[in-house]
Each structure stands twice: as C-alpha cells, then as structure tokens.
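Biologist: Could you walk me through how to read a few features of this model? I would like the general idea each time, and then the case at hand.

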Amino acid sequence: MNKKELYTRKPDSDLRETTMNTIFESSHPLVSHKLTRLRDKDTDPKKFRELIREISALLAYEATADLEVAPKTVETPLAEAAGVELKQPIGLVPILRAGLGMVEGIWGLMPSAEVWHIGLYRDEQTLQPVQYYNKLPLEPTVSVCLVLDPMLATGGSAVATVDILKKWGVQKIKFLGILAAPEGVDAMQKAHPDVPLHLAVIDSHLNDHGYIVPGLGDAGDRQFGTG
Ligand code: PRP
Ligand code: URA
C-alpha cells in the first residue's frame, strides 16, 4: 500500500458493536478540526502543545458529565440560591511523558483536582510498558481518576496504569486519549471493561513498529521537540 494513501478507520469492527456503552469517540467539529491540525507533520511543537491542551479540555467536558455533586446553597447579592458542588475528590493521572500535555487544559476546568504522575515508557523491541515513576501514597486520596495519555496504541501503557490505580483502590477510573488504535481499544476492553474510553478518534491500525496509522507520529517527541 502506498505510504501516502488515505487511511480511515476500519468500517465495521465487531469490537465497536460490543463495547458501545463504554467507548466515546468525539464527533465534535472543534475536536475534529483541532485533531486535523495536530496530525499535520508541519505543526510545530508550540502549536502541537496548544492543540493537545485544547482537545483535552473538550474531551474532559464530556468525560465528566456524570461526576457526582452535592447540594450547596450560596447567597447571591439578592437572595439565597440553591446550587451544587463537586462531591468526589478527583485525580488526574498523566502517563509520562506525553500525558503531561493533557493536564493543563483539564486542570483549568477542575483546579482542585490532584495530579498523580505515572512514568512508563514502551520498550521499543517488545512494545511492553516499563515503569520508571510511581509515587502514589499507600492509601488512595481520590475516588475518581482520569488517566491521561494522548496515544492508545497497543494499550499496554493504559492497561498497566489502570492496573496500578485499581490496586491503589480507586473506585472510578476513566481513560482520556486523543488517538487510539483498534488494538489498544480491544486490549483495554479485555483487561478493564469497566473503564470508559473517551477518545477524539479511533484510527485504522498499528504499523509493524506499534505506531498508530495514520496517527500523528510520536506524541512525546512532538510535544517536547525531541524527535
Ligand atoms: C507513548 C504514548 C503512550 C504509549 C502508547 O509513550 O504516550 O504512553 O506510547 O503505547 P502503548 O499503547 O502501545 O503502550 P512512549 O512510550 O513513547 O513514551 P513517552 O510518552 O515518554 O514518549
Ligand atoms: N506512541 C506514540 O507516540 N505514537 C504512536 O503512534 C504510538 C505510540
């Protein structure tokens, strides 16, 4: 197949039929527009980071639609007003490095969220995740975690991170990613069917090196200018 052939998602994967309730693929025009610029190989790291930040906030808006709230009354200058406040402590869990760029846009929406970093890199030969950073305390301090990683490729990194958070004792976990391969979605559904996936798009497939096609290349390198 010609390298520049136009790749789109595989049309009717069985996977999508069986997992409709937990996979959210954005169809928002703002997300699609920004995603197209993000993919473009001519987008420079500054713009790339800006787009990651903006897309992440848009995904988080949808992903947090079912957060629990408790009643709260405030005094306006005129009268009492019945309102609500967020009930559960929330943790943002970026997978280093590339997940870091997703934090800021989401943190702006929920500034009291805690941020817990998990450091994983993919071994280039085996494509297996290797953990290098985890400073979670013994007891969980949050009850909802949003795992942040722009790329869900084989799914190894996401599965390993959710394993860690479940062992930590987190009650509710969601994964927020920008690009996914069907292989990664499948891996998450098999290992953690209870974890909803909030994605900008599910691409066509993984290539022989485990890269998402058409994808955007290496999300860490493109953010940090290290490619
Ligand atoms: C990338 C990406 C994910 C992982 C996805 O990280 O940010 O964490 O690969 O691949 P997987 O689904 O097959 O596990 P990478 O290992 O390149 O590290 P980096 O973010 O530090 O560049
Ligand atoms: N990690 C990336 O940064 N890009 C891919 O396509 C796959 C894994």
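Modeller: Let us begin with a hairpin, and keep in mind that this is a predicted model. In the hairpin of β6 and β7, six residues lie between the strands, and L127 takes a positive phi near 65°.

Biologist: How many bridges join β6 to β7, and do the strands run parallel or antiparallel?

Modeller: Five bridges join them, and the two strands run antiparallel. To find your place in the ladder, look at Y121, whose bridge partner in β7 is V130.

Biologist: And where does L127 lie? Is it buried or exposed?

Modeller: L127 lies in the loop between β6 (118-122) and β7 (129-134). Its phi is a positive value in a residue other than glycine. The cut-off for buried is under 20% relative accessible area, so L127, at 19% relative accessibility, counts as buried.

Biologist: Which residue would make a good contrast?

Modeller: Try K135, in the loop between β7 and β8 (144-148). Exposed means over 50%, so K135 counts as exposed at 58% relative accessibility. You can also use K135 to compare distance along the chain with distance in space: K135 and E85 are 50 residues apart in sequence and 29 Å apart, C-alpha to C-alpha.

Biologist: What does β6 pair with on the parallel side?

Modeller: That is β4, which runs parallel to β6 and is joined to it by two bridges. L96 stands opposite G119 in β6. Stay at L96 for a moment, since a cis peptide bond joins L96 and R97, with omega about -5°. R97 itself is in the loop between β4 (90-96) and α4 (103-107).

Biologist: Where else should I look at omega?

Modeller: Go to the peptide bond from V213 to P214, which is cis with omega near 5°. P214 lies in the loop between β13 (212-213) and α7 (219-224).

Biologist: Back to strands, then. How should I think about side chains along one of them?

Modeller: In a regular strand the side chains alternate between the two faces of the sheet. Now consider burial in β11 (residues 197-202).

Biologist: How many of the residues of β11 are buried?

Modeller: Six of the six are buried, so β11 is largely enclosed by the rest of the structure. Its pairings help you to place it. Strand β1 (residues 23-25) pairs with β11 in the parallel sense over three bridges, and the bridge partner of F24 in β11 is H198. Strand β10 (residues 172-180) also pairs with β11 in the parallel sense, over five bridges, with L179 opposite V201.

Biologist: Which helix joins β10 and β11 in a β-α-β unit, and what is the hand of that unit?

Modeller: The helix is α6 (residues 182-191), and the unit it makes with β10 and β11 is right-handed.

Biologist: Last topic: how do I read a pair of helices?

Modeller: Ask about the angle, the hand and the contacts. The axes of α2 (residues 29-39) and α3 (residues 45-63) come within 10 Å and cross at roughly 155°. That makes α2 roughly antiparallel to α3, and α2 passes α3 in a left-handed crossing.

Biologist: Which residues meet there?

Modeller: From α2, they include L30, V31, L35 and L38, as well as K34 and R37. From α3, look for F48, L51, I52, I55 and L58, together with K47 and E54.

Definitions and conventions: Residues numbered from 1 in each chain as written. Chains lettered and ligands numbered in written order. Predicted model: local features only at pLDDT ≥ 70, side-chain atom pairs only at ≥ 80, totals over all residues. Heavy atoms only, no water. Buried < 20%, exposed > 50% of the residue type's maximum accessible area, 1.4 Å probe, protein only. Helix = DSSP H or I, 4+ residues; strand = E, 2+ residues; numbered from the N terminus. Pairing = 2+ DSSP bridges. Right-handed = clockwise from strand over helix to strand, strands pointing away. Axes fitted to C-alpha atoms, helices over the stretch in contact; angles between N-to-C directions. Parallel < 35°, antiparallel > 145°, perpendicular 65-115°, else oblique. Left-handed = near helix turned anticlockwise from the far one by under 90°. Contact = heavy atoms within 4.5 Å.
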